[in-house]
Amino acid sequence: MSSTIALPSVLNADVAVQAQAQLRQQIQALPQGTPVVLDAAAVQSFDSAGLALLLACRRVALARGSRLQVQGWPASLRALAQVYGVMPLLDSDSAEAAAA
């Protein structure tokens, strides 16, 4: 069973530190090993700091023995993640496709 955490509507350098602290706290509140799903459906504004934030969440989850997946990608955020080459790290569908 996984636990879903909604991402804020803004994921950019202006809010990255505060958002990372909040998301870290939410991930750490979950039982160890619980798969974490970040729901990006509400994300409207982002930049590369938003991708760094998602990768930081992945590191927190992995340190707790959890798998992290992002779902509900807005098309433009997905495109940015693909350009930066981090999509396989954040989306299990991409990771499975790359492994096949």
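Two strands count as paired here if DSSP finds at least two bridges between them. Keep that in mind as you click around, and remember that the model is predicted.

**Stop 1: the sheet**

Select β1, β3 and β5. These three strands make an open sheet, ordered β1-β3-β5, with parallel pairing. Now look at the two ends of that order: β1 (3–6) and β5 (68–71) are the edge strands, each with a single partner, so one side of each has no neighbour in the sheet. If you tilt the view, you can look for the turn between neighbouring strands, which averages 25 degrees with direction ignored.

**Stop 2: β1 against β3**

Zoom in on β1 and β3. They pair in the parallel sense, over four bridges. Pick Thr4 and you'll find Val37 of β3 opposite. Move along to Ala6, whose bridge partner in β3 is Asp39.

Turn on the side chains of β1 while you're there. Which of them point to the buried face? Ser3 and Ile5 do: they share one face and are buried, while Thr4 and Ala6 point to the other face and are not buried.

**Stop 3: β3 against β5**

Slide over to the other pairing. Strand β3 covers residues 36–39, and four bridges link it to β5, again in the parallel sense. Two pairs are worth labelling. Val36 sits opposite Leu68 of β5, and Leu38 sits opposite Val70 of β5.

**Stop 4: a helix across the sheet, and its partner**

Add helix α2, residues 48–63. This helix lies across β3 and β5, and runs at about 145 degrees to β5.

Next, add helix α1, residues 16–28. α1 packs with α2 at an angle of about 25 degrees, and their axes are 10 Å apart. Angles under 35 degrees count as roughly parallel, which makes α1 roughly parallel to α2. The crossing of the two helices is right-handed.

To see what fills the contact, show side chains on both helices. From α1, select Ala16, Ala19, Gln20, Leu23, Arg24, Ile27 and Gln28; from α2, select Ala49, Leu53, Ala56, Cys57, Val60 and Ala61. Colour them by type and you get 10 nonpolar residues, two polar and one charged.

**Stop 5: Thr34, just ahead of β3**

Go to the loop between α1 and β3 and pick Thr34. Is it buried or exposed? Buried counts as under 20% relative accessible area, and Thr34 comes in at 15%, so it is buried. Leaving out neighbours within four places in sequence, the contacts of Thr34 are Met1, Ser2, Ser3 and Ser66. You've already met Ser3, one of the buried side chains of β1.

**Stop 6: Val43, past β3**

Follow the chain into the loop between β3 and β4 (45–46), where you'll find Val43. Val43 is buried, with a relative accessible area of 6%. What surrounds Val43, neighbours within four places in sequence aside? Its contacts are Leu7, Pro8, Ser9, Leu11, Pro74 and Leu77. Try a distance too: from the C-alpha of Val43 to that of Trp73 is 8.1 Å, although the two are 30 residues apart in sequence.

**Stop 7: Asp91, between two helices**

Jump to the loop between α4 (87–90) and α5 (92–99) and select Asp91. How buried is this acidic-looking pick? Asp91 has a relative accessible area of 4%, so it counts as buried. Neighbours within four places in sequence aside, Asp91 is in contact with Gln69, Val70, Trp73 and Arg78. Val70 should look familiar from Stop 3, as the residue opposite Leu38. Leu38 itself lies 53 residues from Asp91 along the chain, with 10.0 Å between their C-alpha atoms.

**Stop 8: Val83, out on α3**

For the last stop, select Val83 in helix α3, residues 75–84. With a relative accessible area of 69%, Val83 is exposed. Put a distance line from the C-alpha of Val83 to that of Ala16, 67 residues away along the chain, and you get 20 Å. Ala16 takes you back to Stop 4, where it is one of the α1 residues that meet α2.

Technical notes. Residues numbered from 1 in each chain as written. Predicted model: local features only at pLDDT ≥ 70, side-chain atom pairs only at ≥ 80, totals over all residues. Heavy atoms only, no water. Axes fitted to C-alpha atoms, helices over the stretch in contact; angles between N-to-C directions. Contact = heavy atoms within 4.5 Å. Parallel < 35°, antiparallel > 145°, perpendicular 65-115°, else oblique. Left-handed = near helix turned anticlockwise from the far one by under 90°. Nonpolar A, V, L, I, M, F, W, Y, C, P; charged D, E, K, R; others polar. Buried < 20%, exposed > 50% of the residue type's maximum accessible area, 1.4 Å probe, protein only.
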